[in-house]
Amino acid sequence: MTTPTSDIDEASPRISGKRELVAYMEGGAKPRSDWAIGTEHEKFGFIWDGLKPLPYEGPASILAMLEGMRDRFGWDPILEGGYLIGLKKDGASVSLEPGGQFELSGAPLKSIHETCVEVGRHLTEVREIAEPLGIGFIGLGASPIWSMAETPVMPKGRYKIMTAYMDKVGRLGRQMMFRTSTVQANLDFGSEADMVQKFRMSLALQPLGTALFANSPFLEGRPNGFLSYRSHIWTDLDPDRTGMLPFVFEDGFGFERYVDYALDVPMYFVRRGGKYLDASGLSFRDFLEGKLPILPGEKPAMDDFADHLSTIFPEVRLKRFLEMRGSDSGPWDRLCAFSAFWTGLFYSQSSLDAAWDLVKGWSAAEREAMRQSVRTLGLKTPVPGGRTMQDLAKDVLEISRAGLKGRVLSAAGDDETGFLTGLDEIAASGVTPAERLLQRYYGPWNRDVRKVFAEEAY
């Protein structure tokens, strides 16, 4: 979830109707030469002394991290209500999730080499500020040892509204907000038809992304029964704004159909006067007609619609680009591998076609069954045609590698296929990262989850 960096100007132009929203989405289409890669990842901060979660304020804190990065590395501050809640520089931003998860939203970059350098530079900056303060960070899909009561709450207005509403519509909304971390890749499309093919292919393959990157087997100091507890949480959060979106695979799907879907997702908030106004459960369709009860007679600005799109949480999300959202956070090399995996499928037409051919015959029920099973079975999940997710992984990685190999990034070629090596090893073994953690938990760690910090911290 990206933090807005400015308030909505009350004098900004207002939307007159749905056609403008569709045109806004259509405006995301870019020529191939402008396609880029944006990588986002979240991580948990903690204090090495006692392995306590990182609070917002104090000598060792989120605030100390943000101030240190601002002062030493020249990041510009993002403020809300007088609180420092994020940073921005050169098209990238650092933001906070509700429980203090520290997020880098990377700049749009041309190659996996560049995005991996960006991730590495960010983690180096983080370490330089964190180590003198006795702070560490770890990339897991779920908080491994802390209870909800121990988990800090960040001073951001939108999260208060979201938490209260989520409690009404699902059992696990608070778990998602405060105790999970993810990695995302943001990728472009060239036209409506290109968007539709990429959306369908990537949505069908999100369970594979969940399996390859499954990395959340622990909660409150013990195994939680899942390989991806983060994925499990998303199955019981808010059915109005999550899931596998069967309508994406229906004839006639395009920008307008997604706008109709977005208009029917209940709102969370509206930003006005530097504050978040509680609009939870209200209708953006009513807002479009000037009938929003909390702002009678006022119509939305386009930034209001962009805010609303950011509160929709399907496994793949359409904004003016496509967001891959189905995977757990992890170590540095898998963050790079994640973007490489999806880039190879997205930015080569032959690879996109080959991947779509693998999944286009699956029914909505089959796609949902894989989503439900993969959180516990990982690469052993059954796949239509009498195969397993492991079989699928090998095929899709081969397709992604071919797509990466065909990318000409400079006169030297800049081959990106090496970023997939770790995923090849996972697919060949059939053992997910979560299962590797569990093997250590039941073996050399002697059932002590706290050992994960020493071995897996950045």
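Colleague: How do α12 and α15 lie to each other?
Modeller: They are roughly perpendicular, because an angle of 65 to 115 degrees counts as that (under 35 is roughly parallel, over 145 roughly antiparallel, the rest oblique). This is a predicted model, where local features need pLDDT of at least 70 and side-chain atom pairs 80 or more, while totals for chains, interfaces and linings use all residues. Residues are numbered from 1 along each chain as its sequence is written, and side-chain values use heavy atoms, without hydrogens or water.

Colleague: What's the angle, and how far apart are the axes?
Modeller: Helix α12 (residues 332-346) packs on helix α15 (residues 389-405) at about 75 degrees, axes 7 Å apart.

Colleague: Which residues meet there?
Modeller: From α12, Ala 340, Phe 341, Thr 343, Gly 344 and Leu 345; from α15, Val 396, Leu 397, Ile 399, Ser 400, Gly 403 and Leu 404. Contact here is heavy atoms within 4.5 Å. By class, that is 7 nonpolar, 4 polar and no charged residues, with Gly counted as polar.

Colleague: Switching topic, how do α2 and α3 pack?
Modeller: Helix α2 (residues 62-73) meets helix α3 (residues 112-133) at about 120 degrees, with the axes 10 Å apart. The two are therefore oblique to each other.

Colleague: And the mix of residue classes in that contact, what is it?
Modeller: There are 8 nonpolar, 2 polar and 3 charged residues. Among those meeting are Arg 72 in α2, and Glu 125 and Glu 128 in α3.

Colleague: Last one: is α6 mostly covered or uncovered?
Modeller: Mostly covered, with 11 of its 13 residues buried (under 20% relative accessible area, 1.4 Å probe, protein chains only). Asp 194, Lys 198 and Arg 200 are among the buried ones.

Methods: Buried means under 20% relative accessible area, exposed over 50%, partly exposed in between (1.4 Å probe, protein chains only). Helices (H or I, at least four residues) and strands (E, at least two) are DSSP runs, numbered from the N terminus. Axes are lines fitted to C-alpha atoms, for helices over the stretch in contact, and angles run from 0 to 180 degrees between N-to-C directions.
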